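I opened this notebook to keep track of what I looked up in a structure that was new to me. The entries follow the order in which I went through it.

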Amino acid sequence: MSSLLPESELRADFARRRKRQWLIVLPVLIAILAMRAAGDSGQTTFHGLPTSVVIAIGFAMVIGAIVFSLVNWRCPSCSKYLGKGINPTFCAKCGFRLKA
């Protein structure tokens, strides 16, 4: 463990990071659904916007969420990426217990 913070603060930091990971899910799902609907509509506009704009915005949101996850989803102790799971109990890199 390389951090000088108390374990309770590190676990609280992990809880905040996990909450932020969950909060990003809904906007990304909406963006994906909007892209799908715009692409499948066969129209040139989707709710008043050109379909190409809807798809571009959705794509940007998905890329933004990936970048956000790469920055956010890190061990509070060693700062290494925590992987694809949303509910790890420990860091696979340093072994820090993320939950009490």
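The entries below go from confidence to the long helix, its salt bridges, the aromatic pair and the core.

**Entry 1: confidence.** I began by noting that this is a predicted model, and I looked up how confident the predictor was before reading anything else. The chain averages a pLDDT of 91, and 97% of the residues score at least 70. Among the elements, I found the highest mean pLDDT, 94, in helix α2 (residues 51-72), and the lowest, 84, in strand β1 (residues 45-46).

**Entry 2: helix α1.** I turned next to helix α1, which runs over residues 7-40. From its first C-alpha to its last, α1 with its 34 residues reaches 50 Å, which is close to the 50 Å expected at 1.5 Å a residue. I then listed its buried residues, which are L10, R11, D13, F14, R17, Q21, V28, A31, M35 and A38. When I asked what covers the buried residues of α1, I found that β1 and α2 are among the parts that do so. After α1 comes G42, and I noted that its phi is positive, near 75 degrees.

**Entry 3: salt bridges.** How many salt bridges does the structure hold? I counted four, and I wrote down three of them here, starting with R11 and E7, whose side chains meet at 3.2 Å, N to O. These two residues are four residues apart in helix α1, so about one helical turn separates them. I checked the accessibility of both partners: R11 counts as buried because its relative accessibility is 18%, under the 20% cut-off, whereas E7 counts as partly exposed at 36%.

The next one I looked up joins R16 to D13, with the closest N and O atoms 3.8 Å apart. R16 and D13 are three residues apart in α1, which again makes about one helical turn. Here R16 is partly exposed, with a relative accessible area of 46%, while D13 is buried at 17%.

D13 also forms a salt bridge with R17, and there the closest N and O atoms are 3.0 Å apart. Both D13 and R17 lie in helix α1, four residues apart, about one turn of the helix. R17 is buried, with a relative accessible area of 16%. Through the partners they share, salt bridges join D13, R16 and R17 into one network.

**Entry 4: the aromatic pair.** I then looked for aromatic pairs and found that the structure holds one. The ring centres of F14 and W73 are 5.6 Å apart and their planes stand at 40 degrees, so the pair is tilted. The pair links distant parts of the chain, since F14 is in helix α1 and W73 is in the segment after α2, 59 residues apart. I checked whether the partners are covered: F14 counts as buried at 2% relative accessibility, and W73 counts as buried at 2% as well.

**Entry 5: the core.** Last, I asked which residues make up the largest nonpolar core. There are nine in all, namely L10, F14, W73, C75, C78, L82, C91, F96 and L98. I followed C91 a little further and, leaving aside its neighbours within four places in sequence, found it in contact with C75, C78, L82, F96 and L98. As background to this entry, I noted that in soluble globular proteins nonpolar side chains tend to be buried together.

Note on methods: Residues are numbered from 1 along each chain as its sequence is written. This is a predicted model: local features need pLDDT of at least 70, side-chain atom pairs count only at pLDDT 80 or more; totals for chains, interfaces and linings use all residues. Side-chain values use heavy atoms; hydrogens and water are left out. pLDDT is the predictor's confidence in each residue, from 0 to 100. A nonpolar core is a set of buried Ala, Val, Leu, Ile, Met, Phe, Trp, Tyr and Cys residues joined through side-chain atoms within 4.5 Å. Buried means under 20% relative accessible area, exposed over 50%, partly exposed in between (1.4 Å probe, protein chains only). Contact means heavy atoms within 4.5 Å. The expected span of a helix is 1.5 Å times one less than its number of residues. Rings of Phe, Tyr and Trp (its six-membered ring) pair if their centres lie within 6.5 Å; planes under 30 degrees apart count as stacked, over 60 as edge-to-face and the rest as tilted.
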